[in-house]
Amino acid sequence: SAQLLAATQERTARREAAAEQLHQLRAQHRPPVEEERAACAVRLPNGARCDLRLGPSDPLLALWWLVESEYTETDDDALLPRDFSLSTGFPRRSLRRPGSADEAFESAGLGPGQHMFMVEARGRGVPGADGVGV
């Protein structure tokens, strides 16, 4: 259907834009002292995992860029909705997508060490992007 085609094209554009944002972040990245960096792992909707190391002043949005760029839906998967959130395991916290790259990683109360996140998809109303199976 036309609606599914439009949703698929929009998701592809988001994937490409996120990959470019991550590339730019890594290209201009001046890593802080290793002890200050956080090792972040994100469990994708299909069970795969992707990893990123972030410093305290790096954009929190980089975690969303990571998911957007690394997750590739198969024919059986629902499209990843734009408004997905990330949750931590323990203690459980849900993080909403930041409005801009100006919000720093540390502003979410996250510090150095290891962090595990899971994707929580909440999109509704667009065929193929309703979060079913996510």
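The following dialogue explains how to read several features of a predicted model.

Biologist: What should be known about the model before reading it?

Modeller: The model is predicted, so local features need pLDDT of at least 70 and side-chain atom pairs count only at pLDDT 80 or more, while totals for chains, interfaces and linings use all residues. Residues are numbered from 1 along each chain as its sequence is written, and side-chain values use heavy atoms, with hydrogens and water left out.

Biologist: Which residues of the largest nonpolar core touch the most other members?

Modeller: In soluble globular proteins, nonpolar side chains tend to be buried together. A nonpolar core is a set of buried Ala, Val, Leu, Ile, Met, Phe, Trp, Tyr and Cys residues joined through side-chain atoms within 4.5 Å; buried means under 20% relative accessible area, exposed over 50%, and partly exposed in between (1.4 Å probe, protein chains only). Here the largest core has 28 residues, and Val42, Leu63 and Leu86 touch the most other members. At least two residues each come from α1, β1, β2 (49–54), α2 (62–70) and β5 (113–120). Helix α2 gives the largest share, six residues. Helices (H or I, at least four residues) and strands (E, at least two) are DSSP runs, numbered from the N terminus.

Biologist: How many disulfides does the structure contain?

Modeller: A disulfide is a covalent bond between the sulfur atoms of two cysteines. The search criterion is a pair of cysteine sulfur atoms within 2.5 Å, and zero are found in the whole structure. Cys40 counts as buried because its relative accessibility is 2%; Cys50, at 5%, is likewise buried.

Biologist: How many salt bridges are there, and which residues do they join into one network?

Modeller: A salt bridge is a side-chain nitrogen of Lys or Arg within 4 Å of a carboxyl oxygen of Asp or Glu. The structure holds eight. One of them joins Arg11 and Glu73, at 2.7 Å from N to O. Arg11 belongs to helix α1 and Glu73 to the loop between α2 and β3, 62 residues apart. Both Arg11 and Glu73 are buried. Arg14 pairs with Glu68, their closest N and O atoms being 3.0 Å apart. Because Arg14 lies in helix α1 and Glu68 in helix α2, this pair ties together parts 54 residues apart in sequence. Arg14 and Glu68 are both buried. Another salt bridge links Arg49 with Asp51, again with closest N and O atoms 3.0 Å apart. Arg49 is partly exposed, at 49%, as is Asp51, at 44%. Shared partners join Glu10, Arg11, Arg14, Arg15, Glu68, Glu73 and Arg97 into one network of salt bridges.
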